[in-house]
Amino acid sequence: EALPTWTVAEMADALGVPPSTAYRTVRDLLAEGLVEMSSEARYRLGPAFIEFDRLTRLTDPLLIAGQDLLRDVVKEAGIPCVALLSCLYGREVMCIADQASPDAHFLPSYERGRPMPLTQGATSKAILARLPAKKLAKLVGADQADALRDELVALK
């Protein structure tokens with residue numbers, strides 16, 4: 001987000017690869033629509049990501065099942081709110097869909113598509129509370145898992 005466009009030299013430096021490797025890779029990424037030219041010698045993410053997003057929204061079973069549920073939750077709440085559909089994403093949590101009530105004049109910190117810390121926030125803790133003990137220990141470490149499990153037991 002902080003640097004939305006890159007030169008090939010900047011990419012090579014950031015990745016620690018020779019410029020020739022970066023140029024070949026950028027050429028391949030251009031051909032697939034994963035990057036595109038944004039201005040003279042600068043590149044940004046390409047339209048393939050928009051296509052992938054659309055396909056995910058149309059085919060992901062969790063998203064498909066969750067859309068109606070989000071609308072129902074917001075309607076039933078009867079107050080200004082935003083309902084989130086989030087999932088475990090590696091060692092982070094990611095909001096994959098949200099639904100705001102018409103009178104909600106605020107934005108959640110869990111923005112769609114933004115990975116968030118695994119152990120911070122109510123959304124993350126609600127997901128962690130449902131994980132089997134072994135998976136929780138693997139994610140946060142055995143030494144922290146017991147204390148976190150005690151904190152989360154009330155959320156089940």
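Where is Ala137 placed? I started my notes with that one, working from a predicted model. Ala137 turns out to be in helix α6.

**Entry: α6**

I checked how open Ala137 is, and it counts as partly exposed because its relative accessible area is 22%, with the buried class ending under 20%. Setting aside neighbours within four places in sequence, I find Ala137 in contact with Ala142 and Ala145. I also took a long-range distance: Ala22 is 115 residues away from Ala137 in sequence, and the two C-alpha atoms are 38 Å apart.

Next I went along the rest of the helix, residues 133-140. Leu136, Leu139 and Val140 are the buried ones I noted. They span an arc of only 75° around the axis, so they sit on the same side of α6. Lys134 and Lys138 are exposed, on the other side of α6.

What covers the buried residues of α6? I get a list that includes β3, α5 (122-129) and α7 (142-152). Right after α6 comes Gly141, and I see a positive phi there, near 95°.

**Entry: the β3-β4-β5 sheet**

I moved on to the strands. Three of them make an open sheet, ordered β3-β4-β5, with antiparallel pairing. β3 and β5 are at the edges with a single partner strand each, so each has one side without a neighbour in the sheet. On average, neighbouring strands here are turned by 45° against each other, ignoring direction.

How many bridges join β4 to β5? I count three, and the two strands run antiparallel. Met94 has Pro115 of β5 opposite. I then looked at what lies on the sheet: α4 packs there and touches β3 and β4, its direction making about 55° with that of β4.

The other pairing, between β3 (residues 82-89) and β4, is antiparallel over eight bridges. I picked out Leu88, which stands opposite Val93 in β4. These two strands form a hairpin with two residues between them. In that turn, Gly90 has a positive phi of about 65°.

**Entry: Thr123**

Val93 came up again when I looked at Thr123, which is placed in helix α5. The pair is 30 residues apart in sequence, yet I get 8.1 Å from C-alpha to C-alpha. Beyond four places in sequence, Thr123 touches Leu84, Ser86, Val93 and Tyr110.

**Entry: Ser101**

Is Ser101 buried or exposed? I have it as buried, because its relative accessibility is 7% and the cut-off is under 20%. It belongs to the loop between β4 (92-100) and β5 (115-117). The Ser101 side chain makes a polar contact with the side chain of Asp103, at 2.7 Å. Leaving out residues up to four places away in sequence, I noted Val74, Ile79, Pro80 and Cys81 as what Ser101 touches.

**Entry: α3 against α4**

I compared the axes of α3 (residues 48-59) and α4 (residues 61-77): they come within 5 Å and cross at roughly 65°. Which residues of α3 meet α4? I wrote down Thr56, Arg57, Leu58 and Thr59, with Pro61, Leu63 and Ile64 on the α4 side. Sorted by kind, the residues of this contact are four nonpolar, two polar and one charged.

**Entry: the β1-β2 hairpin**

Last, I looked at β1 and β2, which run antiparallel and are joined by four bridges. Glu36 stands opposite Arg44 in β2. The two strands form a hairpin with two residues between them.

Ala41 caught my eye here, in the loop between β1 (35-39) and β2 (42-45). Its phi is positive, near 65°, in a residue other than glycine. How exposed is Ala41? I have it as partly exposed, because its relative accessibility is 39%, between the 20% and 50% cut-offs.

Note on methods: Residues numbered from 1 in each chain as written. Predicted model: local features only at pLDDT ≥ 70, side-chain atom pairs only at ≥ 80, totals over all residues. Heavy atoms only, no water. Buried < 20%, exposed > 50% of the residue type's maximum accessible area, 1.4 Å probe, protein only. Polar contact = N/O pair within 3.5 Å; in protein donor to acceptor, adjacent residues only side chain to side chain. Contact = heavy atoms within 4.5 Å. Axes fitted to C-alpha atoms, helices over the stretch in contact; angles between N-to-C directions. Nonpolar A, V, L, I, M, F, W, Y, C, P; charged D, E, K, R; others polar. Pairing = 2+ DSSP bridges. Arc of directions from axis to C-beta.
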